[in-house]
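Reader: Could you walk me through this structure? I'd like to go piece by piece and ask as we go.

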Amino acid sequence: MGFKIAVVGATGNVGREMLTVLAERAFPADEVVALASRRSQGVEVSYGDKTIKCRALEHYDFSDVDVCLMSAGGAVSKEWSPKIAAAGAVVIDNSSAWRYDSDVPLIVPEVNADAVAGFRKRGIIANPNCSTAQLVVALKPLHDRAKITRVVVATYQSVSGAGKDAMDELDRQTKAIYSLQEIEAKKFPKRIAFNVIPQIDLFMEDGSTKEEWKMVAEIKKILDPKIKLIATCVRVPVFIGHSEAVTIEFENPITADEARAVLHNAPGCIVIDRREPGGYATPHEAAGEDATYISRIREDATVENGLAMWVVSDNLRKGAALNAVQIAECLVNRKLIQAKKKAA
Ligand SMILES: NC(=O)c1ccc[n+]([C@@H]2O[C@H](COP(=O)([O-])OP(=O)(O)OC[C@H]3O[C@@H](n4cnc5c(N)ncnc54)[C@H](OP(=O)(O)O)[C@@H]3O)[C@@H](O)[C@H]2O)c1
């Protein structure tokens, strides 16, 4: 007997991808239910080669659900995750609502899978921000090898990271430009078509944005509180796939060749690093894939022990849906949960 899984936010970018990933990886589910807002009651979504009709979250009884994958935003998660956990389901949440709560583990399975056992305090496990997830997958093996002290990162984040309305906005603006129509910017603070925007989320008092602050806080919680990080997060007119230009300082020496070899053998990483035109990964190739791609690995001669590299991944998969399903797999493989129906 398998598990009963609920996907909340099933009509959204991440929710749809969660259903795809659950089916692709043959997650041991006997039943999968799709939930969204009242607006989407009856809307059909795909789960493998089946279609399921969405139900409204507000009327749903979670008492026989084993795992709830949440991707309906912070406000919905703040209200619903504790109620769903109280009904006995383990909540794996994609929003930022619980990530910084010391009683909630923040997990990237390739990096800190052992911390997953801490879910029992609140019944909630948090998934990191999309730009953090791919970065820690690439940093962890290098940290183990030469101890990272400082990271400087500039992100090139796709519009799908801001939800389905943001993808529609890029699509509409691009068409409007070609047909000489007026351009409307609703979802982003400036036009995103044929442009880049150096602001993701709100500004903080120190001049950084909330997205940049999240990367700092999350890297410390997942990887090592001693690592210093500064980020500049930029939205670019790409539909799917986040890219990151990363420079890293280490306590111990490490050459580009050593880093390439370490990353070559690291879980979740694929190195594509030929020093020729096109010998690197771009978001176009990463979209729809599970791996974190690492390219342009080179030594940084401006510091004692430094490297620079380019990191690309599908933000809807490793940055959200895939990571959440991998967390659910950890719970199952480590026998941390039991199917309620089987237990009864
Ligand atoms: N996109 C990424 O790369 C990414 C990465 C990491 C984390 N996340 C996080 O994942 C969450 C979802 O992101 P997304 O990109 O999938 O957003 P999205 O495309 O805008 O989808 C939002 C989903 O939430 C549902 N929803 C909204 N209000 C609801 C309510 N009151 N009750 C039940 N369901 C409700 C929507 O249902 P309706 O269709 O019925 O409105 C829709 O299914 C966000 O918290 C986001 O920060 C996203």
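Author: Let me start with one side-chain pair: the side chains of N315 and S160 are joined by a polar contact of 2.9 Å. A polar contact here is a pair of N or O atoms within 3.5 Å, where within protein one must be able to donate a hydrogen and the other to accept it, and residues adjacent in sequence count only if both atoms are side-chain atoms. Please keep in mind that this is a predicted model, in which local features need pLDDT of at least 70 and side-chain atom pairs count only at pLDDT 80 or more, while totals for chains, interfaces and linings use all residues. Residues are numbered from 1 along each chain as its sequence is written, and side-chain values use heavy atoms, with hydrogens and water left out.

Reader: OK, where is N315 found, and is N315 buried or exposed?

Author: N315 is found in the loop between β14 (306-313) and α9, and with a relative accessible area of 2% it is buried. Buried means under 20% relative accessible area, exposed over 50%, and partly exposed in between, using a 1.4 Å probe and the protein chains only. The helices (H or I, at least four residues) and strands (E, at least two) are DSSP runs, numbered from the N terminus.

Reader: And the other partner, S160, what does its backbone do with the ligand?

Author: A backbone N or O atom of S160 lies 3.0 Å from a nitrogen atom of the ligand. Taken alone, the ligand exposes 900 Å², and the protein buries 80% of that; these areas come from the Shrake-Rupley method with a 1.4 Å probe, and for residues only the protein chains shown count as cover.

Reader: How many residues surround the ligand, and which are the closest?

Author: There are 26 residues around the ligand, and the closest are T11, S37, R39, S40 and K164; a residue counts as near if one of its heavy atoms lies within 4 Å of the molecule. For S40, a polar side-chain atom lies 2.4 Å from an oxygen atom of the ligand, and a polar backbone atom of V14 is 2.9 Å from an oxygen atom of the ligand. As for helices, α1 (13-24) and α9 (317-333) each supply at least two residues of the shell around the ligand.

Reader: R39 is on that list; what is the spacing between R55 and R39?

Author: R55 and R39 are 16 residues apart in sequence and 9.5 Å apart in space, C-alpha to C-alpha. R55 lies in strand β5 (residues 55-56) and counts as partly exposed, at 40% relative accessibility.

Reader: Changing topic: how many disulfides does a search of the whole structure find?

Author: The search finds zero disulfides, a disulfide being a pair of cysteine sulfur atoms within 2.5 Å. C54 is in none, and the nearest cysteine sulfur, that of C68, is 13 Å away. C330 is in no disulfide either, with the nearest cysteine sulfur, that of C269, 16 Å away.

Reader: Are C54 and C330 buried or exposed?

Author: C54 counts as buried, at 4% relative accessibility, and C330 is buried too, with a relative accessible area of 11%.

Reader: What about backbone angles, which phi values are positive in a residue other than glycine?

Author: Phi of A26 is near 50 degrees, and phi of K147 is near 60 degrees. For context, most residues other than glycine have a negative phi. A26 is found in the loop between α1 and β2 (29-36) and is exposed, at 60% relative accessibility. K147 has its place in the loop between α4 (130-146) and β9 (148-157), and it is partly exposed, with a relative accessible area of 34%.

Reader: You mentioned β9; what does the side chain of Q157 make a polar contact with?

Author: Q157, which is found in strand β9, makes a side-chain polar contact of 2.9 Å with the side chain of E211. Q157 is buried, with a relative accessible area of 1%.

Reader: Last one: how far apart in space are V7 and L69?

Author: V7 and L69 are 4.8 Å apart in space, C-alpha to C-alpha, although 62 residues apart in sequence. V7 lies in strand β1 (residues 3-8) and is buried, with a relative accessible area of 0%.
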